[in-house]
Amino acid sequence: MVMREIDMSSETRTYPRRVQTEAGEIEFRLMSPADEAAVLDFAQKLPVHDLLFLPRNISEPKVLSAWVKEIERGAITSILAVKAGRVVGCGTLVRDPWSWSPHVGEIRNVVSADVRGQGVGRALSQETFALALGAGLEKLVVQMTVDQSGAIAIFEGLGFKAEALLRDHVKDKDGRNHDIVVLGHNVAQVRAQLEAYGLPGAVQH
């Protein structure tokens, strides 16, 4: 298997990486254009509610194709969680260096229903978070529907804090509105505090 590296400002992470979870061994690897069909199959099996926090519906082929193009041009980095050859999760780091917020990155994670509660979501969140930290960003944000309590707890455990509640922000296919919660992590502030205590590497993983 070919090892791929992603070069960041503060570290280099090599893929694939493997972790043990209650669901078994999970392989993390960078998503490439060759994964488009497998990721589409994964996305189309997700409950629609799980996709509401994403800007666009990735279960639509044309949306996924646009996502792959964004990966190719380097605008986003996506990590796949693979179990026994099947995609069971995807973590994405979105950055826009040409916007007014080049210092901010957004993390977007989705996990198959059949591996939830078995540590896969937590491992994927930690891996995506480590990837984001390595990018040298000053702030990270993540958003999800307010009823995704498990995912919210995972990110709170990583140091994220609620920053905003967007009421009736998304509409599902049945026309029902849902609230979105936005969590933020001020990486630069935390790093500065740790450096003041002589712990400069503590936020790297």
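The exercises below, each with a worked solution, concern a predicted model of one chain.

**Exercise 1. The chain as a whole**

State how many helices and strands the chain has, what share of its residues is buried, and what share of its contacts joins residues at least 24 apart.

Solution.
- Step 1. The secondary structure consists of five helices and 10 strands.
- Step 2. The chain has 205 residues, and 48% of them count as buried.
- Step 3. Take the contacts between residues at least 6 apart in sequence; 58% of these join residues at least 24 apart.

**Exercise 2. The pair α1 and α2**

Describe how helix α1 (residues 36–44) and helix α2 (residues 61–72) are arranged, and list the residues through which they meet.

Solution.
- Step 1. Two packed helices are described by the angle between their axes and the distance between those axes.
- Step 2. For α1 and α2, the axes come within 10 Å and the crossing angle is roughly 130 degrees.
- Step 3. Angles over 145 degrees count as roughly antiparallel and those from 65 to 115 as roughly perpendicular. The angle between α1 and α2 falls in neither class, and the two helices are therefore oblique to each other.
- Step 4. The crossing of α1 past α2 is right-handed.
- Step 5. On the α1 side, the contact is made by E36, V39, L40 and Q44. On the α2 side, the partners are P61, L64, S65, W67 and V68.
- Step 6. By class, the residues of this contact are six nonpolar, two polar and one charged.

**Exercise 3. Three residues in the loop between α1 and α2**

For L46, H49 and N57, decide whether each is buried, partly exposed or exposed, and name its contacts beyond four places in sequence.

Solution for L46.
- Step 1. L46 lies in the loop between α1 and α2.
- Step 2. The relative accessible area of L46 is 7%. Buried means under 20%, so L46 is buried.
- Step 3. Outside its sequence neighbours within four places, L46 is in contact with L51, V110, V111, S112 and R116.
- Step 4. L46 and S59 are 13 residues apart in sequence, and their C-alpha atoms are 8.3 Å apart.

Solution for H49.
- Step 1. H49 is placed in the loop between α1 and α2.
- Step 2. With a relative accessibility of 24%, H49 is neither under 20% nor over 50%, so H49 counts as partly exposed.
- Step 3. Not counting residues up to four places away, H49 touches T145, D147 and H178.
- Step 4. With T145, the side chain of H49 also forms a polar contact of 3.4 Å.
- Step 5. H49 and K173 are 124 residues apart in sequence, while their C-alpha atoms are 9.2 Å apart in space.

Solution for N57.
- Step 1. N57 belongs to the loop between α1 and α2.
- Step 2. Its relative accessibility is 22%, so N57 counts as partly exposed.
- Step 3. Setting aside neighbours within four places, N57 is in contact with L51, V63 and K173.
- Step 4. A polar contact of 2.6 Å links the side chains of N57 and S59.
- Step 5. The C-alpha atoms of N57 and Q44 are separated by 9.6 Å, with the two positions 13 residues apart along the chain counted as sequence separation.

**Exercise 4. A residue in strand β5**

Where is T77, is T77 buried or exposed, and which side chain does its own side chain join in a polar contact?

Solution.
- Step 1. T77 is in strand β5, which covers residues 76–83.
- Step 2. The relative accessible area of T77 is 9%, under the 20% limit, so T77 is buried.
- Step 3. The side chain of T77 forms a polar contact of 3.3 Å with that of R95.

**Exercise 5. Backbone details**

Locate the cis peptide bond between Y15 and P16, and the positive phi values of A84 and D168.

Solution.
- Step 1. The peptide bond joining Y15 and P16 is cis, with omega about 5 degrees.
- Step 2. P16 sits in the loop between β2 (12–15) and β3 (17–21).
- Step 3. A84 is not a glycine, yet its phi is positive, about 50 degrees. A84 lies in the loop between β5 and β6 (86–95).
- Step 4. The relative accessible area of A84 is 81%, so A84 is exposed.
- Step 5. D168, also not a glycine, has a positive phi of about 50 degrees. D168 is placed in strand β9 (residues 161–171).

Technical notes: Residues are numbered from 1 along each chain as its sequence is written. This is a predicted model: local features need pLDDT of at least 70, side-chain atom pairs count only at pLDDT 80 or more; totals for chains, interfaces and linings use all residues. Side-chain values use heavy atoms; hydrogens and water are left out. Helices (H or I, at least four residues) and strands (E, at least two) are DSSP runs, numbered from the N terminus. Buried means under 20% relative accessible area, exposed over 50%, partly exposed in between (1.4 Å probe, protein chains only). A polar contact is a pair of N or O atoms within 3.5 Å; within protein, one must be able to donate a hydrogen and the other to accept it, and residues adjacent in sequence count only if both atoms are side-chain atoms. Axes are lines fitted to C-alpha atoms, for helices over the stretch in contact, and angles run from 0 to 180 degrees between N-to-C directions. Angles under 35 degrees count as roughly parallel, over 145 as roughly antiparallel, 65 to 115 as roughly perpendicular and the rest as oblique. A crossing is left-handed if the near helix is turned anticlockwise from the far one by less than a right angle, and right-handed if clockwise. Contact means heavy atoms within 4.5 Å. Ala, Val, Leu, Ile, Met, Phe, Trp, Tyr, Cys and Pro count as nonpolar, Asp, Glu, Lys and Arg as charged, and the others, Gly among them, as polar.
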